[in-house]
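Colleague: Got a minute to go through this one with me? I'd like to start with the helix packing.

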Amino acid sequence: MEKIIDTHSHIYLPEFASDLDDVVARAADAGVGKLLLPNIDSSTAADVLACCDRFPAYCLPMMGLHPTSVKENYREELAFVEKTLDENPGRFVAVGEVGLDLYWDTTFAEQQKEALERQIRMAIDRDLPLSIHCRDAFPELFDVLFKFRGQDKFRGVIHSFSGTHDDALRLLSLDTFMFGVNGTVTFRKSGLPAVLRSCVPAGRVLLETDCPYLAPVPYRGRRNESAYVVCVLRKLAEVYDLPEDVMARQTTENALALFGRL
């Protein structure tokens, strides 16, 4: 079967410290050809790069400031992101993980929007795609994204897409953006399969895990890992009524179209 790509994996986090080699080996054995590693903030950047140095043909880094890390010092954090991008030209496959999260705390909602806009500009200026996190913030996210609609080099993925049918239609109108799909699509009460089936073409979908979070069925409740992305693939093949190898090829082509040579 076609090698697949986990486009959103946090295997550099402490949850994997004791068995990282085994985690990577299991992913490779499962047919996962590449892992894309989104950053969180300045405290994780060294670990992201160290993991990519440890597995240089397999793990590829992103650089960005996660919205839940937008605090009083967010301007310093953004300066760190920009400096790291500039000091490592050609190293990063995307600006991410960036976005808006109004689920946990709305204290820095306006600062999150400013941080997102600044990082969108960083991505456009460097011809990099964006990996965007959105939780309880789709109206606010679209307000920001539509400011940049149609700009050259503006592209990305809404990772862990969790929106409604209407949210999906709005995202589809941004024709340079993809839908990142992870283990949530396998959850029994998830509405995501119906949303995808109703309006999202297979050509706009990326595979991801967001590990160690959001483990798919039958691993739900355990630590997620990149090998489990095959469970997401199987569910998407069912959603789109396609053979697994066709779905694998499609999602890999989608990833290459967005991120370029991986």
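Colleague: How do helix 3 and helix 4 lie relative to each other, roughly parallel or roughly perpendicular?

Modeller: They come out roughly parallel, a label for angles under 35 degrees (over 145 is roughly antiparallel, 65 to 115 roughly perpendicular, the rest oblique). One caveat: this is a predicted model, where local features need pLDDT of at least 70 and side-chain atom pairs count only at pLDDT 80 or more, while totals for chains, interfaces and linings use all residues. Residues are numbered from 1 along each chain as its sequence is written, and side-chain values use heavy atoms, with hydrogens and water left out.

Colleague: What are the angle and the axis distance for helix 3 and helix 4?

Modeller: Helix 3 (residues 74–87) packs on helix 4 (residues 109–125) at about 15°, and their axes are 11 Å apart. Axes are lines fitted to C-alpha atoms over the stretch in contact, with angles from 0 to 180 degrees between N-to-C directions. Helices are DSSP runs (H or I, at least four residues), as are strands (E, at least two), numbered from the N terminus.

Colleague: Which residues of helix 3 and helix 4 make the contact?

Modeller: Contact means heavy atoms within 4.5 Å. Helix 3 contributes Tyr74, Arg75, Leu78, Val81, Glu82 and Leu85, and helix 4 brings Gln111, Glu114, Ala115, Arg118, Gln119 and Met122.

Colleague: Now helix 7 and helix 8: at what angle do they pack?

Modeller: About 50° between helix 7 (residues 192–199) and helix 8 (residues 229–239), with axes 10 Å apart. That makes helix 7 oblique to helix 8. Pro193, Leu196 and Arg197 of helix 7 meet Lys235, Leu236 and Val239 of helix 8.

Colleague: Switching topic, how many disulfides are there in the whole structure?

Modeller: Zero, going by a search of the whole structure; the cut-off is a pair of cysteine sulfur atoms within 2.5 Å.

Colleague: Why no bond for cysteine 211?

Modeller: Because the closest cysteine sulfur, in cysteine 51, is 9.7 Å from the sulfur of cysteine 211, too far for a bond.

Colleague: And is cysteine 211 buried or exposed?

Modeller: Buried, at 0% relative accessible area. Buried means under 20%, exposed over 50%, partly exposed in between (1.4 Å probe, protein chains only). Cysteine 199 is buried too, at 18%.

Colleague: Last one: where is proline 201, and what does it touch?

Modeller: Proline 201 sits in the loop between helix 7 and strand 8 (205–207). Leaving out residues up to four places away in sequence, proline 201 touches Leu172 and Tyr240. At 40% relative accessibility, proline 201 is partly exposed.
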